[in-house]
Amino acid sequence: MTTQANNASEGKILILATESCAYPGANSVGQAHSSYPANTYILRVRAPALFPEKFYLDCFEKGIGGIIIMACGEECPYEGAYTALAKRIDRVFQMMKKRGYDLRRLRLTAICTVCNRAFLKEITQMNELIQELGAPSNDIEAAAAEAAS
Amino acid sequence: MSEKKIDKEALKQLRQERQASIKHAKDTIKTQSQDIKKIKDQLKDGGKTVPQIAAAIKMPTSKVLLYITALRTYGVLVEGAKEEDYFKYELAG
Amino acid sequence: MASDNEKKETEKETAEEKIGVYICHCGGNISDHVDVQKVRDNIANLPGVVTAYTNMFMCSDPGQELIQKDIKDGKINRVVVASCAPSLHELTFRGAIKRAGMNPYLYEHANIREQVSWVHDGEKATAKATSLVAAAIAKTRNQEPLDPIRVEARNHTIVIGGGIAGLRAAHDLSARGIQVALVEKSPFLGGQTAMLNELVPTGEKAGDLIQALSRQVLDDENITVYTCTEVIRYEGYVGNFKLTLKSSPPESKKDLEKMALLADKNNPSREFVPFAGIYPARVPDNSEEMVLDTGAIVFATGFQLYTPRDGEYGFNENPEVITLPDLIRHLAEHPSSGRALEIGGRKIERVALIHCVGSRMIPGIHEPDADGNLNEYCSRTCCSATLQAANQIRERHPDTHVFEYYRDIRTYGRGHEEYYERASDNHVMFFRFEPEDPPVVERSTSGRHPLKVTVKDTLTFGEELEAEVDLVVLSVGMEPSNIRDLVEMMKLPVGADRFLQEVHPKLRPVEVANTGILLAGTCQAPMDVGEACSAAQAASVKASILLTKGYVELDPFVAEVDPEKCTGHGLCAEACPIEGAIELQEMEADADKVKRAEVIPALCTGCGICVAVCPENAIDIKGWTLKEYEDMVDAIVAI
Amino acid sequence: MDTDQVMKFDALIVGGGIGGLQTALDLADQNFKVAVVEKEATIGGKMILLSKVFPTLDCASCITTPKMAAAAHHDNITLFTYCDLKTLDRDTDGITAAVTQRPRYVDPVKCIGCRQCEYACPVYVSDEVQGGFSLRKAIYIPFSTAIPQLALMDVENCSLCGKCARVCPTEAIDYFQQPKDFVIQARTAILATGFKLTPLDQKKEYGQGEIENVITSLQMERLLAPNGPYQRVIRPSDGKEPDSIAYVQCAGSRDKSLGIPYCSRVCCMYAIKQAMLLSGSLPLADITIYYMDIRAFGKGYEQFFQNAKAMGIEFVKAKVAKITPGENQAVTIRYEDQEGAGGVLTREHDLVVLSSGMVPDWNPMGVCPVSIEEDAFIKSVMPKIAPTLTDLEGVFVAGVAAGPKDIVDTIAEAGAAAMEASNYLNAQKRKQAA
């Protein structure tokens, strides 16, 4: 792994947005021509319950600075998927803690099709956070340093 | 070319037909741009609440709020901090 | 299913990816903020990309023709379009690709308008657009052609429950050309509606409606009616359910009581018998089982009445305390016109009607039943029914005074408010109580009337009012029928109110999560006759949609197991929220018997929970694979 | 007659609100060809303008947009928006409807919905979609989730300055567009014409719509919607965040003085819902509901009502006698208390919402020979066992067109109408075959 690759992407935010709620929500922000940081990459997903714990950790390892899961919440059209997701994210948090990642890099939130303000708020907060924290590899180094001291 | 010419002729005729509503619209534009300018001028030095603007330019508060709402929709103004029970509005950008 | 030859052909076609990328200006909407030419140049040399264009309007005919020409020329076998939100034109481009003879799922849409040019500007916008297009390219690289899943569907529906909703559904489905089996537990058709007399607000006789609908059902050669029959086994999935039915002689006390009503009738068959229903066939002498194959199942299992607890408003402790259905039946069977109402030779000069008995119960105030259930819901029909009874008494028996004890009068329906007004005109006296201070029914000591009702009346500002009465009538609410066995068997979702629970009250109001099972009427919630018929028709139309084509077409986006990778952990089956959608099956592998996960596509909803838990990465959702997402992330990180 | 202007379908649906769309989808999914005629410039009806819906509190737009999109993309559904139904009649051949499409002054084929014209237009006009609380332009797209995403011009307010035509990237502006008449022939029709709010300009006691900060429930829906005019709840007279909000129930329902004696069925629930949403967004505000009877009769509704009570929303059983302007733009309510100590009392609120009822949005008189009831809604001839049957054979009714009802009941009835219509079509097919 080269540090260069990390630097290039330290400021990138990955957004997993559900097809039925959050993805159209992001489009609604576009229709309102509201501006937000451009380091945000929205992937359309059917249900974020699809991703295993490893997927999130890999993303951080690849240098993604923050991940926001924008789900439908209790309105999830897939039975049981939201509960499964919430449980999985708890486990991801545990694993992140173990590796030394700052837990705030991962957010699970519910965004509806016209929740423009909530969408912008989530992005702004995450962006501020990752600007402050820098690349995720920093967390590990910091955690290692702390452990050593 | 010739098509454009016809267009112009036709447009002229249409203007004639819609004389009344066009005049009304033009008057509206004039009043609105004056009103909007007054409001925007008030915000040059920072955000203000609706009653503050209304008092300064002697316009009913409901009318000020209506303009402000529209200007927010089209990205000219943004909502700022809250002062007591009211929000301040600021110029965008 | 594609033959092997065809399959090879497709494999060859898609083996080496040749990606065409089409970037839209959107007439300046995109190109004013994104340097589309630069995006094109940035991605033109990415692996797999063979052509990359920009175009003023990709969605226009010339734009679409650009793609179609490249497909027809054999230049490309994958398509990426970068333009507006996929909700606007994903289907447009899929259609164009399909018309050009290519599989429409070898396509990915990059949203560079709503999520780029309309929210960002300049170099940043161009860089982000590049990343998103690169991610789309990365995704298409591993895409496989997909086909909608087709499940053969039997043109047959089983309707469970022979009440008004079941009859309605059976009739509608048959009229639509679908074979129907109507399964009713009791010996009668008509259900709870048969226990009513005149219906609010039309005054129609419930019996006439049941008779009319039953005639149509019984005369219909496409409908088979099974009375005294229950469903005892269930298997299969939408289009291909298999239900085992068991018919047996009636045993329940209620059924036997109703049977007794037939005794006085000469030829009761197919004629409405008040307070019993329609008796379409002789009861069986022995138990018998049979198996029916069906495409869909309509639940019309209805409701049962709330039975007041012993002592609740004096019920079961005083013979003068009865329920509203008892009163309705009495009024129907004794159309006398005496100046005062008489019951069992007893003159009723004053009657108290108490609303909300077994409805709108509040935890902490009301007592749950033996199973811990509390009916917190409103039963919807009792207010109007109570007012109707009150009016009937007042108009027929002017010497009988009526007192109503209520919380809120809910005459919401068309033509119902009139009953409330008429009751006022008829001098019905109203008392309003709070749930924490309900009326108290006691024996009276005065000797003039047997009972005494005391209430803290909020209409007179909380004054305690006493009324001596000859009769207390309890407006009992609805409870779901006891169908615990069916719920268990079919793993049906049940709400906190114990009624069957739809997927979503507005998006899919008559469907449950199990595709092919539909809800009709009061098995779902309290309803009146009109509402139950509406619901039954709504359920029927969903069954028609499923069955009239002869097959059910489902999204191709379902889980698929790679049997080479699967080692039979079974974690997927444990995690799957849908019963039977993914299960371990025994199969032969290298002459050994092994267990491997297998998906029933018709049951899978494609949520992907199984994907996440498979330790071997042996499962994927077709069209949305984990690898595709990983590749997209790599593309985003790289550029 | 120009044959190009006659279009044939299996079913014609009048009204593209949630009821009409559900009927359209249920028919189209059975392979029937369906035309939907909608008078507004977008489908979605009233529901798309709501904030959240009871009792699930999910976002109205999130429930409506998928159905709108499904109808718009369906191969068997053709949408005719911005169209007036001139006549609808039936004879032995079936249904014939004369329709006029009003001009948008925008070419629907060329317009890509980019809104550049809207930004360029210099005239501001009251925006009805936002309850009159904001201004739109003289050329505009009704709202971000409108379908179709096409601009339309309001020539009454247009100065013909030409700015829109200059910025349009597709040359879609057509100042000369004319109304277009055409004929739809179908074998069956479903009326799903919906409702409008009970008019309050006759109600002197409630200020006839003249008192600032007395708004209708649909206006409150917009204040609560995430894409509403202010994107928060402030009062329209001056932008103050209200400390005290009141609901006046049965404002225009159960009121003989207005000629509307019936219950509108939805007002109790939407008032409770709005009250709950308000107490979420304005946790310090006092919320009062003045009511006669709370009619929470649907599935899960009573529990919803009890939750609202537990949240501290105040329910006052009272008849509101008079609403008048108060001090500092507040509103004074005089009411006859029917509980507690009783008597006539007075209270002030920052914002008052009238829980307006429903009246039909369409009168068939002179357009279609279908009967209405005394309540002016379309007559259902078999309200118990076939609620969607009208007295005109082959013509069915769904949703609020046949009397007030909530979204859940509307959607169920839409399915019922689709069932009746499909069986009618089926029977006709058989007859033809025989």
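Select domain 1 and domain 2 of chain D in this predicted model: between them, the two domains bury about 780 Å², and 78% of that area lies on carbon and sulfur atoms. To make the selection, take residues 6–102, 179–194 and 361–433 for domain 1 and residues 116–170 for domain 2, while residues 198–358, which form domain 3, can be hidden for the moment. With both domains displayed, the distance between their C-alpha centres comes to 29 Å.

Next, narrow the view to the residues that meet across this boundary, where 13 residues of domain 1 are in contact with eight residues of domain 2. Show D:A41, D:T42 and D:L49 as sticks, since these residues supply 46% of the area that domain 1 buries against domain 2, more than any other three residues. Then colour helix α2 of chain D, residues 60–73, which gives the most to the side of domain 1 that touches domain 2, with five residues. If you colour that side of domain 1 by residue class, you will find nine nonpolar residues, four polar residues and no charged residues.

What polar pairing should you look for between these two domains of chain D? The interface holds two residue pairs in polar contact, counting pairs in which both residues are at pLDDT 80 or more, and zero salt bridges are found across it.

Now bring chain C back into view and move to the place where it meets chain D, selecting the 75 residues of chain C and the 72 residues of chain D that take part in the contact. Together, chain C and chain D bury about 5600 Å², with 52% of the area on carbon and sulfur atoms.

How many salt bridges join chain C and chain D? The count is 13, and one to centre on is the salt bridge of C:R414 with D:D375, in which the closest N and O atoms are 2.8 Å apart. Across the interface of these two chains there are also 35 residue pairs in polar contact, again with both residues at pLDDT 80 or more.

To see which helices of chain C face chain D, select α4 (86–99), α7 (164–175), α8 (206–218), α12 (417–425) and α14 (529–547), each of which supplies at least two residues of the side that touches chain D. Among these, finish on α14 of chain C, which gives the most to that side, with twelve residues. Coloured by class, the side of chain C that touches chain D shows 32 nonpolar, 19 polar and 24 charged residues.

Definitions and conventions
Residues are numbered from 1 along each chain as its sequence is written. Chains are lettered from A and ligands numbered from 1 in the order in which they are written. This is a predicted model: local features need pLDDT of at least 70, side-chain atom pairs count only at pLDDT 80 or more; totals for chains, interfaces and linings use all residues. Side-chain values use heavy atoms; hydrogens and water are left out. Contact means heavy atoms within 4.5 Å. Buried area is the accessible area (1.4 Å probe) that two parts lose on being put together, summed over both. A salt bridge is a side-chain nitrogen of Lys or Arg within 4 Å of a carboxyl oxygen of Asp or Glu. A polar contact is a pair of N or O atoms within 3.5 Å; within protein, one must be able to donate a hydrogen and the other to accept it, and residues adjacent in sequence count only if both atoms are side-chain atoms. Helices (H or I, at least four residues) and strands (E, at least two) are DSSP runs, numbered from the N terminus. Ala, Val, Leu, Ile, Met, Phe, Trp, Tyr, Cys and Pro count as nonpolar, Asp, Glu, Lys and Arg as charged, and the others, Gly among them, as polar. Domain bounds come from an automatic or database domain assignment.
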